[in-house]
Amino acid sequence: MSGGQQSGSAQADKDPSVRQFFANGVSMQTNEVEAKLDEGNIQEAESALRDGLSLNFEEARALLGKFEYQRGIVEGALRVFDGIDLQATIQRMQQSLGDKPTTKKGRTRSDLASVVSQNATNLVLEAIYLKAKSLQKLGKLSEAAEECKSVLDAVEKIFPDGIPDVLVENKLQETVSHAVELLPELWKQAGHYTEAMAAYRRALLSQWNLDNDRCARIQKAFAVFLLYSGFEVSPPSLAVQVEGSYVPKNNLEEAILLLMIVMRKFSLGKAKWDLSVLEHLTFALSICSQTSVLAKQLEEVMPGAMHRIERWKAMALALTGAGENNFAIELLRKSLHPHEEPDDIMSLLLAAKICSENVFLAAEGVKYAQKAITNALESKPHVKSVGLRMLGLCLGKQAKISSSDSERSHLQSEALKSLDSALALEPENVDLVFELGIQYSEHRNLDAALRYAKQYLDATGGSMIRGWRLLALVLSAQQRFSEAEVVTDAALDETSKWDQGPLLRMKAKLKVSQSLHKDAIETYRYLLALVQAQRKSCGSFASAPQVEDWNANEFEVWHGLAKLYSTLSHWKDAEVCLGKARTLKEYSPETLHTEGVMHEKQGRTNAALAAYINALLLEPKYVPCKILISSVLSKMGPKMLQVSRTLLSDALRIEPTNCMAWYQLGIVHKVDGRIADAVDCFQAASILEESEPIESFGSIS
């Protein structure tokens, strides 16, 4: 923007504060035009521009409207922009491009005319874009979107094969890029989501010559729209799909694909790092249980983009979600190193949680939890409550591998104290109620366990399967099998079809406990059909964790049937079911245990002993086989009694409440002539048998 004469230009060069119009190689000062606009004389201002800069009507209006927009007079800018004929400009540009000669000689008049026409086109397109911005500021969003769309329509008419780099000046490209990015935002703000989706697809699939940063911003914005708009977007049309390429089936898949493309650009240095992209990708991958993919993405983040400790913590969280606890705890150990952030509460709590799920890491988890409790601020009782909860869980796990009865009892008592303290801080925390129910169940304090199970079920309104399972298991431990079955049936009525597996398995075991073997077989058959139907419904689109879960569920069904048929001495049926279980899990201590029991019942003692020993080679802490090996050895004469006693002592160290281990130890003592010890063991076995659940309380997650 500048003056029309040489003297004015010279004055402007000396005084940078003088504003000017520039066009067609000449300039003029804005003073005269600004004065006419202030007086409301738009036509006179326009005439002054046309005369001073040799402009046509559309060009003068475009330059004038831009000036008004820059002055912040939005309504005035709109009045000026309304008079522009966009179609006339498009036709002139098309004619200019069509008339351009193909000669390789120096610049001709046609070349010069083309350049002038391009400048004029840019002025007009920029004016329409600014008109859209003006309408947006006035809240006329639908009209703004239509105007912005007309800019892109015009560019596609002028350049049907895309904007060539050599033909289009930077100013025109800038206008087009702004319009491409603005259009979907306008449709979104106007509430027209179908048009917004189409605008995003158009932005990403058409040839606009967008720079990498802008393209990444649009891809991120589209992904955010797909994730949070609540509008179900249809897949891309067949016209833009490449044969053999991956086509997203829903919003979530398309959003993840877009965000991963942007992350790849970051890794290659083609776009500026934006942490929010990773945050949205974290959300998207978490809700579809693909946190292992998230961990891989975090691993590929370029050094310097994230602080290493933040990356370690994020990766640890992602790996925990993927079940890779061993890798997660290693990363947390690094982040909690004395030279890093040893007092970070979130890292301490996550580390304690991971340790609480592994008896061999429980002691380490106790240290993390105690440190988190110490560092928790009094103003944040929730954090302290979580720390106490993790401490209680870790102490409970640590008690399971304690070598001393007194130490085990002390650790169990401390675990309950920690959980009670956590509940006192957060009395409405239903997870704590559930954990207390589990702890009391495992300690065989069934009255307290029943109270907490009912409290949890009431608090959750029966919406959580684990609450029903806990109540049914406590009732089964109290030998109230018919009541436990009523609870299981009620839970089945409240549970969706695909989630009924654990409940049906419990129901089958309750039938067995009541000697209703035919009913148990029918329940197992129904459960098997359910698992196979679930697998078939997803087909090849199932994720690896889903397939693993289905295999585990189907294995448990076949193994349960094998045990049941073995109990009934239906050996052929038991063998068939055992074979089916082996196809799902070739090497399993459970199948070897059942195989050994079948051999032993049929008098093949050596084969049974071999199966039991093989099971222990697979899983050295598998208690049922320790008990059965000791049973077989105790029948081989006095010399084997010491070995039997050692095996049973080890079994009771692992599972102190196993009634069969106590019973077998009583047998060994009786054979060895230790009658008083035998009586004590038989008494312990009898008491524990009266509180034995149909499944381990630890099986409830």
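Buried means under 20% relative accessible area. By that criterion, 11 of the 12 residues of helix 31 are buried in this predicted model.

**Figure 1. Overview of the predicted chain.** The secondary structure of the chain comprises 34 helices and two strands. Of its 701 residues, 49% count as buried. Contacts between residues at least 6 apart in sequence were also examined, and 58% of these join residues at least 24 apart.

**Figure 2. Helix 31 and the helices that cover it.** Helix 31 comprises residues 623-634. Its 12 residues should span 16 Å at 1.5 Å a residue, and the end C-alpha atoms, 17 Å apart, agree with that expectation. The helix is mostly covered. Its buried residues are Val623, Cys625, Lys626, Ile627, Leu628, Ile629, Ser630, Ser631, Val632, Leu633 and Ser634. Among the elements covering these buried residues are helix 29 (589-601) and helix 30 (605-618), together with helix 32 (641-654) and helix 33 (659-671).

**Figure 3. Surroundings of Val632 in helix 31.** Val632 has a relative accessible area of 4% and is therefore buried, the limit being under 20%. Residues up to four places away in sequence aside, Val632 touches Glu600, Thr605, Leu609 and Tyr612. The C-alpha atom of Val632 is separated by 8.9 Å from that of Ala608, and these two residues are 24 apart along the chain.

**Figure 4. The largest nonpolar core and a second core.** The largest nonpolar core contains 166 residues. Val176, Val180, Tyr368, Leu470 and Leu561 are the members that touch the most other members. Leu561 is in contact with Ile521, Tyr524 and Cys577, leaving aside neighbours within four places in sequence. Another core lies apart from the largest one and has 14 residues, including Val597, Leu609, Tyr622 and Ile629.

**Figure 5. Helix 12 and its packing partners.** Helix 12 runs over residues 251-268 and has 18 residues. From its first C-alpha to its last the helix reaches 26 Å, close to the 26 Å expected at 1.5 Å a residue. Its buried residues are Asn251, Glu254, Ala255, Ile256, Leu258, Leu259, Val262, Met263, Lys265, Phe266 and Ser267. These buried residues pack against helix 10, helix 11, helix 13 and helix 14.

**Figure 6. Two loop residues with positive phi, Asn209 and Ser289.** Most residues other than glycine have a negative phi. Asn209 has a phi near 60° and is found in the loop between helix 10 (193-205) and helix 11 (212-228). With 32% relative accessibility, Asn209 counts as partly exposed. The phi of Ser289 is near 55°, also a positive value in a residue other than glycine. Ser289 is placed in the loop between helix 13 (275-287) and helix 14 (291-299). The relative accessible area of Ser289 is 54%, and this residue is therefore exposed, the limit being over 50%.

**Figure 7. The largest cavity and its lining.** The structure holds one cavity of 30 Å³ or more. About 30 Å³ of space lies within the largest cavity. The lining consists of Gly501, Pro502, Arg505, Leu527, Val531, Asn553, Glu556 and Val557. Helix 25 (501-513), helix 26 (517-538) and helix 27 (544-567) each contribute at least two residues to this lining.

**Figure 8. Cysteine environments at Cys355 and Cys659.** A disulfide is a covalent bond between the sulfur atoms of two cysteines. Two cysteine sulfur atoms must lie within 2.5 Å to count as a disulfide, and by this rule the count is zero. Cys355 is in no disulfide, and the nearest cysteine sulfur, belonging to Cys394, is 6.0 Å away. Cys355 is buried, with a relative accessible area of 0%. Cys659 also counts as buried, at 10% relative accessibility.

**Figure 9. Position of Gln87 in helix 6.** Gln87 lies in helix 6, which covers residues 86-99. At 40% relative accessibility, Gln87 counts as partly exposed. The C-alpha atoms of Gln87 and Ser150 are separated by 9.8 Å, and the two residues are 63 apart along the chain.

Key: Residues are numbered from 1 along each chain as its sequence is written. This is a predicted model: local features need pLDDT of at least 70, side-chain atom pairs count only at pLDDT 80 or more; totals for chains, interfaces and linings use all residues. Side-chain values use heavy atoms; hydrogens and water are left out. Buried means under 20% relative accessible area, exposed over 50%, partly exposed in between (1.4 Å probe, protein chains only). A nonpolar core is a set of buried Ala, Val, Leu, Ile, Met, Phe, Trp, Tyr and Cys residues joined through side-chain atoms within 4.5 Å. Contact means heavy atoms within 4.5 Å. Helices (H or I, at least four residues) and strands (E, at least two) are DSSP runs, numbered from the N terminus. The expected span of a helix is 1.5 Å times one less than its number of residues. On a 1 Å grid over the protein atoms alone, a cavity is a set of points where a 1.4 Å probe fits but cannot get out, and a pocket is an open set with protein on both sides within 12 Å along at least five of seven lines; lining residues have an atom within 4 Å of a point. Grid points are joined across faces, edges and corners, and a volume is the space filled by probe spheres set on the points.
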